[in-house]
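Biologist: I would like to learn how to read a fold from its sheets, helices and cores. Can we go through one together?

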Amino acid sequence: MIGPDNAKLVGFKNLLLTTCGLCFENEREATLIRALCQRMTSRRIEDFDDYHVLLANDTDEFNRLVELLTVNETYFFREPDHLKLLVERLIPDMVEERKGGRLRIVSAGCSTGEEPYSIAMLLHERYGTDFGRLFAITGVDIDGSAIDRAKHGVYGKNSFRAVDDNRLGLYFEPFGRNEYRLKEEIRQNVTLEVINLLGAVYPASMQTPDVILYRNVSIYFPGQVQQAIFSRLACLLAEGGYLLVGATETIHHNVGILSLVEKDELFFYRKLPNFFIEDRRNRSGADGERGLPAAGAGRPATPTARGQQRAARHGHASPARAPRQQSSPDAHALFDEALGLAQDNRPDAALELLDTLIRRDDSFVKAYLLKGTILLNSSRFDEARENCDKALANNPLCLEASLMLGIIARHDENDDEALRRFREAIYLDSACWPGHFYTAEISYARGDMKRACSAYESALRILEGDPSGDRAQTFFPLVFKTDQFTAICRHKLALIRVQGK
């Protein structure tokens, strides 16, 4: 069969690009033409326009074509350094923090299953028979035939290039000629599904994972598709979770969506709250504190109860409480020095100085907030919570303490407590977009799409209406980079609208 003319070929290219992100320019064009001719011959279709119509309307046929076009080059224990880092360094810390709760791991673009099965074997070696209780492992791929092969768990010699004889004998059994089948105790602990990463909705098995492996997949996508899929995976990832990409792909995804982290000379991404220590040493107000920046600025004061509450949390006297004695100049000097140390990435020295300050003045709210933020960034959640509680004991209307306590509660998977704290923050200042955003995230995870939609819209309205045009907004001492949150709000709202159709 003669291939399609250029105009018709462009139509097929666009359909594949917009539907699943696959790109067939330059040398890959020949692969597309061969696959088209093969499927049209199989379906006894001679006209390329007719086949294009079929592809656009028949999901099964589209999937058959994709199976011919995807590259399933993989093998067990590929790029072992990253797997070792994950299983020996990152996951043990998460298991300890979770205190017996189940960790969710997703292998995105798993092909014939070697990657998720490799992780299952490594976790079995470390945690024994408990690994099935401690971990939920999911592998997804757009290629249905590859997923079928993964479910059968039968592999030839190319899959074993990095498997030693000990593991081969421990986890596999001979199956036919020159093939081996993975044993049931490993296969039964990995869920496998056919998923288009550029599709409208991801299944429940992919929601809020603690780890996503997205390795050696994006190299087949053009730049805009790479970023779209990476952004969607970042949205799915649980707070504090990890996203690992292939060694050659790391730099392409460093676009500010997730934090790029280095450990043991290896780079990976982590979903952190993007908390930075803001310089507030030029202060104003009754005790040297300033109020909210852009998100809460520029509004006329009104003599309402909420206005009085805002005044109280900014350090001014509330009608219900007598004003505190102002902190001494010496205390402010210590605070300035501690803030400088925190900004210079010297957290231990900053904490030592803050302890000295608090011993001298146990009513200095900003000292507790700064200490809490440093501890939060170090994953010392219990200590961070204690300092937020002390800040609230001195000022029950402290919005920043409520925000931090909500974030800590989310980490502890106590969504009810998290919602309570985020609602406190919104009540104290309706322009507190992080409160709206995190309320939306919890509602979305619970399937309450009506409430999630409303909260995302509120957060987005505040973010897009910021007259300062800043790309970061601060709730002292936390700085949120708003580009990431704006993108997530828009993406989640689009998903909710698709699901509502």
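Modeller: We will take the sheets, then the helices, then a loop residue and the cores. Keep in mind that this is a predicted model.

Biologist: Start with strand order. In what order do the 7 strands of the open sheet run?

Modeller: Read across the sheet, partner by partner. Here the order is β6-β2-β1-β7-β8-β10-β9, and the pairing is mixed. The edge strands are β6 (190–194) and β9 (259–263), and each pairs on one side only. From one strand to the next, the twist averages 25°.

Biologist: Mixed pairing needs examples. In which sense do β1 and β2 pair, parallel or antiparallel?

Modeller: Follow the bridges. β1 and β2 are parallel, with 6 bridges. In that pair, R104 stands opposite A136 of β2. β2 also runs parallel to β6, joined by 5 bridges. There, I137 faces V190 in β6. At the other end, β9 and β10 (residues 266–270) are antiparallel over 5 bridges. S259 has R270 of β10 as its bridge partner.

Biologist: How many of the residues of β2 are buried?

Modeller: Check each face of the strand in turn. F135, I137, G139 and D141 are buried on one side, and A136, T138 and V140 are buried on the other. That makes 7 of the 7 residues, so β2 is largely enclosed by the rest of the structure.

Biologist: Which helices pack on this sheet?

Modeller: Look for contacts with strands, then compare directions. Helix α6 (residues 114–127) lies across β1 (103–108), β2 (135–141), β6 and β7 (211–214). Its direction is at about 165° to β2. Helix α11 (residues 223–236) also packs on the sheet, where it touches β1, β7, β8 (242–245) and β10. The angle between α11 and β8 is about 150°.

Biologist: What is the order of the open sheet of 3 strands?

Modeller: Use the same reading. The order is β3-β5-β4, and the pairing is antiparallel. β3 (154–155) and β4 (172–174) are at the edges with a single partner strand each, so one side of each has no neighbour in the sheet. β4 pairs with β5 (residues 180–182) over 3 bridges. F172 has L182 of β5 as its bridge partner.

Biologist: Now a helix by itself. Which residues of α8 are buried?

Modeller: List the buried positions, then see where they point. In α8 (residues 144–152) they are G144, A146, I147 and A150. These cover an arc of only 155° around the axis, which puts them on the same side of α8. Their cover includes α4 (59–69), α6, β2, β3 and β6. Just after α8, G153 takes a positive phi of about 70°.

Biologist: Where is N196 placed?

Modeller: For a loop residue, ask what its side chain reaches. N196 is in the loop between β6 and β7. Its side chain reaches the backbone nitrogen of L198 at 3.0 Å. Leaving aside neighbours within four places in sequence, N196 is in contact with T19, C20, I142 and Y202.

Biologist: Last, the cores. What tends to happen to nonpolar side chains in soluble globular proteins?

Modeller: They tend to be buried together. In this model, the largest nonpolar core has 64 residues. L354, L357, L370, W433, F437 and Y456 touch the most other members. A second, separate core has 44 residues, including L69, V140, I229 and L243. V140 is also one of the buried residues of β2.

How values were computed. Residues numbered from 1 in each chain as written. Predicted model: local features only at pLDDT ≥ 70, side-chain atom pairs only at ≥ 80, totals over all residues. Heavy atoms only, no water. Pairing = 2+ DSSP bridges. Helix = DSSP H or I, 4+ residues; strand = E, 2+ residues; numbered from the N terminus. Axes fitted to C-alpha atoms, helices over the stretch in contact; angles between N-to-C directions. Contact = heavy atoms within 4.5 Å. Polar contact = N/O pair within 3.5 Å; in protein donor to acceptor, adjacent residues only side chain to side chain. Buried < 20%, exposed > 50% of the residue type's maximum accessible area, 1.4 Å probe, protein only. Arc of directions from axis to C-beta. Core = buried A, V, L, I, M, F, W, Y, C linked by side-chain atoms within 4.5 Å.
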